[in-house]
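Here's a walk through one protein chain, written for someone who'd rather be at the bench. Have a look at the sequence and the structure first, then read on.

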Amino acid sequence: MTTQNDLKRLVAQAALRFVQPGRVLGVGTGSTVDLFIDALAAARLDVKRAVSSSERSTAKLRAIGIEVLDLNEVEDLPVYIDGADEIDAGFHMIKGGGAALTREKIIAAVAQRFVCIADASKRVDVLGRFPLPVEVIPMARAHVARKLAKLGGEPRWREGLVTDNGNVILDVRGLAIADPVATEARINEIVGVVTNGLFATRGADVLLLGEASGVRELRP
Ligand code: 5RP
């Protein structure tokens with residue numbers, strides 16, 4: 001039987017063909033990306049420099065001999081490879097299950113091409129069954145939670161977690177995300193929100209979807 005992990009490994013391997021030798025590579029965060037970094041190490045491609053969306057991925061990249069640059073030093077980033085918690089037909093995503101959403105969103109904004117690597121369970125018709133992560137400045141946690149409840153969500157503090165940026169995460173259940181672009185903007189307007197895990201204004205450009213029958217390469 002093909003497991004979810006098998007599918008993650010398949011898409012991680014398939015993503016290697018999007019890597020541009022000799023160029024800086026954008027690398028996201030999560031278990032699928034961990035498998036991608038393993039595949040990168042095994043493939044011995046000419047990748048010497050990367051930017052990374054988390055301390056976790058940075059440590060893994062450095063362990064295989066890849067220099068991790070400050071994004072401020074990088075003007076040209078052809079490809080960013082990252083996973084998702086949910087992705088719809090328009091390639092809008094929910095991300096941030098691994099709490100790296102803010103750095104992920106910044107790198108995605110800089111990259112020319114966002115390649116999403118996901119197993120088939122992540123493909124949904126409507127976003128929102130996965131609780132939407134919202135990164136919040138710690139002193140604004142209760143205020144932001146009250147505002148999110150007014151929008152119809154049920155925010156839950158991911159207690160004990162501190163993001164790489166020193167902030168906290170509220171996971172919001174029960175939001176009806178009929179319009180991902182509008183919801184992304186509406187939540188980001190709340191004072192104290194750093195950003196939310198809706199990647200709608202800047203979604204993915206390519207989806208590598210791992211299914212039992214193999215990897216499908218899809219465009220929005
Ligand atoms: C981390 C993310 C990940 O891309 C997302 O959570 C998917 O993770 P995984 O590959 O472990 O299923 O957004 O912040």
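## Ground rules

Buried, in this report, means under 20% relative accessible area, exposed means over 50%, and partly exposed is in between (1.4 Å probe, protein chains only). By that yardstick Ala 99 counts as buried, because its relative accessibility is 10%.

You're looking at a predicted model, so local features need pLDDT of at least 70 and side-chain atom pairs count only at pLDDT 80 or more, while totals for chains, interfaces and linings use all residues. Residues are numbered from 1 along each chain as its sequence is written, and side-chain values use heavy atoms, with hydrogens and water left out.

## The chain as a whole

The protein chain has six helices and 14 strands. Both kinds of element are DSSP runs numbered from the N terminus: helices are H or I with at least four residues, strands are E with at least two. Along its principal axes, the C-alpha trace spans about 50 × 40 × 30 Å. The radius of gyration is 17 Å, which agrees with the value near 17 Å for a compact globule of 220 residues. That radius is taken over C-alpha atoms, and the globule rule is 2.2 Å times the number of residues to the power 0.38.

Of the 220 residues, 53% are buried. Contact here means heavy atoms within 4.5 Å. Take the contacts with a separation of 6 or more, and 73% of them are between residues 24 or more positions apart.

## Surface and charge

How much accessible surface does the protein chain have? It comes to about 10,100 Å², and 50% of that belongs to carbon and sulfur atoms. Those areas come from the Shrake-Rupley method with a 1.4 Å probe; for residues, only the protein chains shown count as cover.

On the charge side, there are 28 positive and 28 negative charges, and their mean positions are 2 Å apart. Lys and Arg count as positive, Asp and Glu as negative, and His and the chain ends are not counted. Each charge is placed at NZ of Lys, CZ of Arg, CG of Asp or CD of Glu.

## Thr 29 and its serines

Thr 29 is in the loop between strand S1 (25–27) and helix H2 (31–43). Is this residue buried or exposed? Thr 29 counts as buried, because its relative accessibility is 10%.

Its side chain makes a polar contact of 2.5 Å with the side chain of Ser 53 and another, of 2.7 Å, with that of Ser 54. A polar contact is a pair of N or O atoms within 3.5 Å; within protein, one must be able to donate a hydrogen and the other to accept it, and residues adjacent in sequence count only if both atoms are side-chain atoms. Leaving aside neighbours within four places in sequence, the residues in contact with Thr 29 also include Arg 56, Ser 57, Asp 82, Ala 100 and Glu 104.

## Two positive phi angles

Arg 44 and Ala 99 are worth a look for their backbones. Arg 44 has a phi near 50°, a positive value in a residue other than glycine. Arg 44 is in the loop between H2 and strand S2 (49–52) and counts as exposed, because its relative accessibility is 75%.

For Ala 99, phi is near 70°, again positive in a residue other than glycine. This alanine is in the loop between strand S6 (93–94) and helix H4 (101–110).

## Strand S13 and a buried lysine

Strand S13 (residues 206–211) holds Leu 207, and Gly 210 is found there too. Leu 207 counts as buried at 0% relative accessibility, and Gly 210 counts as buried at 0% as well. Leu 207 and Val 11 are 196 residues apart in sequence, yet their C-alpha atoms are 9.5 Å apart. Not counting residues up to four places away in sequence, Gly 210 touches Leu 7, Val 11, Ala 118, Asp 119 and Ala 120. With the same sequence neighbours left out, the residues that Leu 207 touches include Ile 87, Phe 91, Cys 116 and Ala 118.

Lys 122 is in the loop between strand S7 (113–119) and strand S8 (132–136). This lysine counts as buried, because its relative accessibility is 11%. Beyond neighbours within four places in sequence, Lys 122 is in contact with Gln 4, Lys 8, Ala 84, Asp 85, Glu 86 and Ile 87.
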